[in-house]
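Dear colleague,

As promised, I am passing on the structure for you to look through, and my notes on what was found in it follow below. Please open the sequence and the coordinates side by side while you read.

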Amino acid sequence: MKRPPILLFATSLTVCALLAACAAPAQPAAPAQPAQPPAEPTQTPTGPMQAPAPAAGPGTVVIPPGSKIRIGGSFALTGPIPDPGKDIRQGAEIAIDDANAAGGVNGFMFELVAEDGACSGDQGTVVGNKFAADPTIVAVTGGTCSGETFGLKPILLKARIPFVSPSATNPAVTGEDCDVCNRVALSDGLQGEVDADFVFNTLGFKKVAVMHDSSDYGKGVAEIFRDAFQKLGGEVIAFEGAKVGDTDFRAPLTKIGAGQPDLIFFGGYATEAALIAQQMKEVAGLENAKFMGVDGAYTQQYLDTAGAAAEGTYMSFVAGDTQKDKMDAFVEKYVAKFGIEPSKLGPFHGQSYDSVLLIVEAIKKVAQTDSAGNLVIDREALIKAIRGTSGLEGITGTLTCSPIGECGAGGVQVFTVENGAFKQIFGFGLQ
Amino acid sequence: MTERHSRGIRIGLIGFGGLAYLTLIGLPGRLEASAPIVMAVVAAIGVGLALRSDAQRHPPAVVLRQALIAGVIGGTFIAILVGVFAALLGSGVRIQPVLDKITPPNVAAWYGRPTPAVARGQLAAFDFLRPALVVLLGSLAGGAVAVVAHRAVAARSGGARVPAQTRWIVIALPFVLLLAVIVLGQPAVTIGGSNKGTLRLLLAMLAVAAGLFAVRAARLGRERRVISVALLAGLVTLPFLLDQFQNAVMGIVFIFVMMGLGLNIVVGYAGLLDLGYVAFFAIGAYAYAFLSAPFSSPWFSQQLSALGLPADQPLLSFWQSIPIVMILAAVGGILLGTPVLRLRGDYLAIVTLGFGEIIRLFMLNLADLTNGPRGLLNLAPPTLFGYNLGNPRDIFILALLGTAAIAFVAFRLERSRIGRAWVAIREDEDAAQAMGVDLARIKLMAFAIGATFAGMAGQLYAARQVNIFPDNFSLFVSIDALALIIVGGMGSIPGVVLGAITLKGLPEVLRGVDEYRIVLFAALLVVMMIARPEGLLPSERRRLELHGESDATTEQIAEAA
Amino acid sequence: MSQSLVVAPSLQRRAQTTRWIARAIALLICALVIARAVAVSLAESYPLTFWASQLVNGLVLGGVYALVALGYTLVYGILLMINFAHGEVMMVGGVAGFFALQLAQALGWMRGPAGLVAVALLVVMGVGMIGAMLTGVTLERIAYRPLRNAPRLVPLISAIGASLFLQYSVLLVFGVSPLVYQRPALISGGFRVGPVFIPYTGLIIFVTSLALMGALFVIVQRTRLGRAMRAVAADRDTAALMGVDVNQIITFTFLLGSALAGAAGVMLGFHNSVIKFNSGFIPGLKAFTAAVMGGIGNIPGAMVGALVLGIAESIGPSALGIPAEYKDIIAFVLLVLVLIFRPQGLLGEALAEKKV
């Protein structure tokens with residue numbers, strides 16, 4: 001009879017805890033907001049000592065004078081692809097700078113709260129909860145990767161915080177069931193199909209090999225390309241995978257070379273794409289094969305790494321009628337602030353700028369100043385305002401959100417490399 | 001004499017290396033105006049620690065002279081390095097494409113000057129001396145502190161120790177910390193500003209950690225029982241005190257505790273070094289995913305519709321899945337354990353590591369079954385009487401319950417016949433066999449039970465994430481799990497909790513230092529291993545093994561040799 | 001060993017049974033694999049040159065693994081610890097070499113006559129080796145030496161910490177973009193043996209790794225230092241009593257292993273064009289696998305294990321008719337099969353009790 005009392009006590013305590021957990025939502029914290037999670041202590045006004053925030057219900061964000069409008073950002077700063085992640089973060093910072101230089105909203109300035117989503121669902125969940133727990137976070141830009149965005153999604157949906165992802169391309173990121181989910185990147189589907197059409201009809205190649213980097217993004221677009229190409233009547237002789245971070249592709253390339261394809265299509269990021277383009281020159285059967293990559297590889301980094309091997313390769317990118325002046329101005333500010341060309345790091349800086357722009361413009365529409373001089377932003381109104389974006393001039397084109405949150409502008413463009421630079425030869429916006 | 005000089009020179013050079021590293025990773029630029037002060041403090045700490053032992057052996061003048069030499073050497077080199085950077089930047093050379101953090105703001109911070117002064121090369125001659133002065137002053141301060149600290153310690157060591165008081169302080173600490181968590185939770189309290197949430201998280205984790213020490217500090221018997229119950233009550237209130245973010249972090253910490261307790265059986269008790277433990281975590285997560293979201297898996301939904309079953313809803317609820325997940329994980333443990341029964345030590349480590357990768361690669365490539373890298377989406381969160389338990393707080397509570405159940409089983413197992421057999425094979429496999437231990441059966445038991453626990457943790461993890469991807473189950477999960485039981489103290493159940501807090505919780509607290517997060521964490525890991533190789537909270541047996549009298553003498557012999 | 005101990009006959013029988021079951025299953029797997037390979041090669045009918053090309057790929061890959069695996073094996077032989085950060089030492093070597101290369105390019109050496117380029121390349125490799133040596137020795141001094149008498153898993157965790165530290169320090173200092181090695185004309189391209197293309201860099205890797213392994217073998221077997229290393233490996237305490245400076249020998253071991261890794265890093269940079277903060281991790285893991293497969297602590301074993309692994313990875317997917325992303329599975333299954341039949345590795349000697 002030594003231990004049982006403690007055990008009994010412990011069990012009863014845990015049972016109590018469980019019951020309390022179930023009972024908690026019965027105490028109406030915010031009856032007007034059924035979708036709201038159980039109110040957190042930091043969010044609920046608990047006593048008369050509460051600061052002079054008149055209508056600080058959980059459904060609104062109240063920003064006292066002197067404070068900033070805080071926009072969260074989930075970026076892949078560590079993990080497998082830190083280079084595009086950093087590029088996206090820096091693109092977002094330029095957008096915040098621009099918004100502040102233009103006077104902010106009614107004199108209130110913006111602030112980017114950057115967190116490391118590490119390109120993983122795990123970290124995405126933590127970041128999402130961190131944003132959801134912080135009542136001052138108005139909206140979120142990110143995540144960089146689709147997996148990370150899937151970590152953010154359920155939490156932000158519950159917390160009623162809208163997000164705009166610059167680069168998550170998995171088709172399931174947006175959907176009818178999620179009104180806070182938006183993205184500026186175009187879903188993989190479009191690109192794979194246009195690329196297949198380009199290769200089959202424009203280039204006239206009938207026999208291709210497809211490679212991917214086993215990432216959510218790369219494999220997704222590679223599969224869509226494969227299916228579309230086969231539907232057109234082409235032959236896909238191989239579908240081979242590698243890993244993000246691999247540097248030696250000679251063995252799979254040799255295997256592909258045995259089938260003598262006309263072209264190798266690769267779904268993945270810049271470094272791997274460049275190495276494949278380079279190493280395929282050494283492989284028997286691929287001497288005359290062409291190489292084609294996708295938007296994740298449409299960067300200066302690809303050109304630098306592949307060097308001479310990049311000449312004559314194809315690359316598709318998703319963009320609108322890019323406002324050249326705006327893009328140039330953006331790049332100038334970016335270089336001045338960070339000391340490096342954005343395209344040396346990754347392809348999505350423009351989209352990142354535009355996702356912040358989208359959020360900023362929507363905030364401008366719904367923000368109101370109350371009698372005490374506070375800026376009041378209604379969360380539901382903001383969600384609707386972002387979804388209702390239409391005809392917004394961004395640097396990647398004119399942004400209009402579809403009813404399910406596809407806000408990306410423009411269409412698929414195909415480039416070829418000539419004299420160490422990309423030159424558009426096909427697709428959207430070409431005269 | 002020369003020996004002493006060389007010591008100062010050595011410290012100076014090492015200090016230069018450290019400060020140069022901090023400059024290269026861009027710390028001064030991050031600190032902006034306070035950079036010179038922080039750098040001086042860093043130099044002071046480094047020199048102080050380095051001269052700590054000298055202060056015991058040599059008079060103050062000698063120690064200070066060494067600090068002076070170290071400061072001059074380190075300062076001169078730093079001044080040269082920073083000066084070269086400044087000169088290059090001033091003459092328009094862009095260093096950044098190669099050395100990412102060597103930018104005008106970073107260099108300017110060393111000089112305490114505005115950025116344009118460096119970028120345009122407008123520095124006075126005296127400016128170039130500033131870093132040297134900073135380091136020299138810091139270094140001298142460090143030497144002085146070493147001397148003073150030595151004096152203070154020497155003065156104190158004569159006094160009698162007060163064990164009773166320290167014991168009560170240790171016991172009271174968790175409650176004080178819990179109180180601080182509550183106080184900080186009041187909206188009126190604005191300590192910490194926008195980092196208040198992180199501060200509270202840190203305090204909550206410290207409270208849990210302090211609780212573990214408090215139990216150990218309490219006297220066996222009634223006192224320990226009362227305190228344990230009080231602490232348990234405190235722990236149970238924690239989910240209700242913390243906000244969403246803090247609960248999310250605590251949730252993942254305790255999911256890793258569940259996993260760590262399982263690995264602790266395999267590695268800590270039975271001594272089987274398993275580097276592929278994530279395999280069972282993944283089996284648990286994917287098994288639950290198939291059961292709760294069969295529609296996500298092309299193959300499963302096909303089979304279900306072929307059988308005429310509805311494929312658009314969960315097959316089993318969270319609770320119904322638990323036994324199936326446990327059985328599947330245990331079978332996985334036996335299947336992966338059988339081929340490696342005869343392997344020992346590092347051979348076992350690399351093979352299990354391979355198994356972990358194989359499972360992940362299958363998840364990645366068997367796209368029909370697992371939907372490949374696109375993952376399984378929309379898993380059902382746990383529910384109870386129609387109430388959704390998927391929010392961070394309830395997941396934390398579930399993790400606490402799971403931890404309690406697993407810890408209880410592990411505790412009983414450790415003291416059972418099987419537990420003793422595990423320890424026997426850990427200490428000496430051949431001798432254990434000679435004493436009648438059935439190696440194959442006992443090892444498979446360890447693998448199976450460990451796998452079961454990991455499977456349970458995986459299920460809870462999947463229910464928490466709702467969407468799971470093969471990338472969630474990389475080698476790093478195995479490494480984290482192994483590191484947490486070693487950091488905590490092998491074979492020690494409270495150690496696992498402490499290890500999980502350190503390994504999974506600390507990086508979240510360190511979010512404030514975003515890009516320096518992993519470097520800082522990695523450095524802490526190394527330092528912790530050096531400072532406390534037996535782990536933060538070792539099991540009694542292990543501590544005696546490492547610090548017992550007999551071992552001390554062999555160590556001394558080894559040292560002497 | 002277990003034979004010398006008295007073990008209950010029933011248990012011994014049972015142990016024997018499990019062993020034979022494991023062997024039977026392994027044999028079955030081998031038979032299935034061979035059958036599959038035969039079936040595939042009949043169905044696919046790749047030309048012979050295809051296999052030759054894949055063999056070349058495998059040998060080059062194996063050469064890189066071998067240089068890194070030798071470092072693992074050396075350190076393991078002497079300290080009985082897994083230097084988990086060894087792959088990162090290789091990566092740092094590659095980074096150091098990159099800077100030497102940049103300097104050489106800036107000085108115009110890379111466009112000079114062939115002799116000058118060759119010298120410059122040697123200098124680049126030397127710098128890479130020195131960079132790796134400094135890293136390796138510092139690593140040993142800071143992260144491993146204080147833990148020499150700690151339980152075996154403690155240095156492993158310290159090594160994991162060091163590995164992360166090195167990776168992310170490189171990420172912070174040099175930024176996130178990969179460092180691009182530009183091959184000078186002298187070693188870009190390759191030559192053909194019949195229809196099989198052999199890149200110069202591949203040939204250099206293979207020949208250099210063989211040469212360095214030979215040199216290492218001579219050092220360990222024929223020199224005074226090598227004898228001291230073997231003495232320390234056999235019994236550290238006794239070696240100390242015999243007047244061997246154990247610390248010095250361990251430092252020397254790390255120097256040797258790191259130098260090889262640094263050479264591997266530079267050559268890998270030239271061969272695959274890029275070095276990144278995480279370039280060392282996967283090759284390090286594979287090299288460790290190779291070292292274990294060959295019998296850890298055994299120098300020719302590491303070489304053999306690495307070549308077997310490299311060839312299996314490049315030929316395996318085609319031979320078995322499975323996608324290339326399964327190459328890691330092939331590597332690890334091969335490891336398990338080898339260890340079931342030879343638990344001490346391909347060339348390893350049966351482990352003495354103290355090594356367990």
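I begin with the contact between chain B and chain C, in which 48 residues come from chain B and 54 residues from chain C; please bear in mind throughout that this is a predicted model. On the side of chain B that touches chain C, the elements giving two or more residues are α16 (345-365), α20 (429-434), α21 (439-465), α22 (475-488), α24 (517-531) and α26 (549-560) of chain B, and of these it is α16(B) that gives the most, with 10 residues. Sorted by class, the residues on this side of chain B comprise 31 nonpolar, seven polar and 10 charged.

Turning to chain C itself, the domain assignment divides this chain into domain 1 (70-213 + 246-279) and domain 2 (284-349), and the C-alpha centres of these two domains of chain C lie 22 Å apart. Where they meet, 10 residues of domain 1 of chain C are in contact with 11 residues of domain 2 of chain C. On the domain 1 side of that contact, α2 (48-79) and α3 (86-106) of chain C each supply at least two residues, with the largest share, five residues, coming from α2(C). That side of domain 1 of chain C has six nonpolar and four polar residues, and no charged residues.

The nonpolar interior deserves a separate paragraph. In the largest nonpolar core there are 392 residues, and those with the most contacts inside it are Ile264(A), Ile276(A), Met258(B), Phe281(B), Ala69(C) and Leu335(C). The helix that gives the most to this core is α12 of chain B (residues 244-269), with 18 residues. As for Met258(B), if its neighbours within four places in sequence are left aside, this residue is in contact with Ala399(B), Gly402(B), Thr403(B), Ile406(B), Phe453(B), Met456(B) and Ala457(B). There is also a second, separate core of 38 residues, which includes Met39(B), Ala40(B), Ala55(B) and Leu136(B).

Finally, a few words on chain A, whose secondary structure comes to 12 helices and 17 strands. Chain A has 431 residues, of which 58% count as buried. If one takes the contacts in chain A between residues at least 6 apart in sequence, 70% of them join residues at least 24 apart.

With best wishes

Terms used
Residues numbered from 1 in each chain as written. Chains lettered and ligands numbered in written order. Predicted model: local features only at pLDDT ≥ 70, side-chain atom pairs only at ≥ 80, totals over all residues. Domains from an automatic or database assignment. Contact = placed C-beta atoms within 7 Å. Helix = DSSP H or I, 4+ residues; strand = E, 2+ residues; numbered from the N terminus. Nonpolar A, V, L, I, M, F, W, Y, C, P; charged D, E, K, R; others polar. Core = buried A, V, L, I, M, F, W, Y, C linked by C-beta atoms within 7 Å. Buried ≥ 20, exposed ≤ 12 C-beta atoms within 10 Å, placed from the backbone.
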